[in-house]
Amino acid sequence: YSLLFAACFAASCLLAVVINHAIYTNTSINSPLTQSVSAQLKDAILFVCSVILFDRDSVTTATIAGVIISLLGSAAYAAVKFQESKPKPTTTSSSSHATVPPPLASPFDSATESPCLSPSPLMAMHRTER
């Protein structure tokens with residue numbers, strides 16, 4: 001292999017690490033939906049820039065239709081997810097009083113513990129905290 005190939009390969013690996021870190025940071029700060037929408041936007045910008053910079057003659061109607069369908073699908077997905085993430089309005093009426101059920105009892109609350117489980121320090125600590 002040539003030195004140029006090795007340098008290009010190393011640069012490609014470095015850029016892959018950078019893009020993966022950017023995706024991780026974007027997803028952890030925002031939401032996966034934001035990451036999906038920003039990835040679609042990046043693809044659209046990349047498509048337009050590649051057409052302008054490289055080969056305008058290779059663009060066909062099918063290529064443009066595919067990009068538009070992809071962007072519309074992403075926008076529809078984002079709209080549906082946004083609607084689902086909105087808090088649902090609650091209806092309250094004065095005649096119905098909602099009661100909260102009591103918490104479920106632990107199987108280890110009784111004096112006799114399960115014979116198949118030996119008592120552990122964590123279970124003892126759980127009992128003493130109450």
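Q: What does pLDDT tell you here, and what is the average for the chain?
A: pLDDT is the predictor's confidence in each residue, on a scale from 0 to 100. The chain averages 75, and 69% of the residues score at least 70. This is a predicted model, in which local features need pLDDT of at least 70 and side-chain atom pairs count only at pLDDT 80 or more, while totals for chains, interfaces and linings use all residues. Residues are numbered from 1 along each chain as its sequence is written, and side-chain values use heavy atoms, with hydrogens and water left out.

Q: Which helix has the lowest mean pLDDT, and which the highest?
A: Helix α4 (residues 121–129) has the lowest mean among the elements of the chain, 47, and helix α1 (residues 3–29) has the highest, 92. Helices here are DSSP runs (H or I, at least four residues), numbered from the N terminus. Over residues 110–130 the pLDDT is below 50, and beyond near neighbours in sequence this stretch has eleven contacts in the model; a contact means heavy atoms within 4.5 Å.

Q: What makes K42 and D43 a salt bridge?
A: The term needs a side-chain nitrogen of Lys or Arg within 4 Å of a carboxyl oxygen of Asp or Glu. For K42 and D43 the N to O distance is 3.1 Å, so the pair fits the definition. The whole structure holds two salt bridges, and K81 with E84 also forms one, at 3.5 Å.

Q: Why are K81 and E84 separated by about one helical turn?
A: Because they are three residues apart in helix α3 (residues 61–85).

Q: Why is K42 called partly exposed, and F54 exposed?
A: Buried means under 20% relative accessible area, exposed over 50%, and partly exposed in between (1.4 Å probe, protein chains only). K42 has 45%, so K42 counts as partly exposed. F54 has 70%, so F54 is exposed; F54 lies in the loop between α2 (32–53) and α3.

Q: How do you know that the F5 and F9 rings are stacked?
A: A pair of aromatic rings is described by the distance of the centres and the angle of the planes. Rings of Phe, Tyr and Trp (its six-membered ring) pair if their centres lie within 6.5 Å; planes under 30 degrees apart count as stacked, over 60 as edge-to-face and the rest as tilted. A search of the whole structure finds one aromatic pair. The F5 and F9 centres are 6.1 Å apart and the planes are at 20 degrees, so this pair is stacked.

Conventions:
Helix = DSSP H or I, 4+ residues; strand = E, 2+ residues; numbered from the N terminus.
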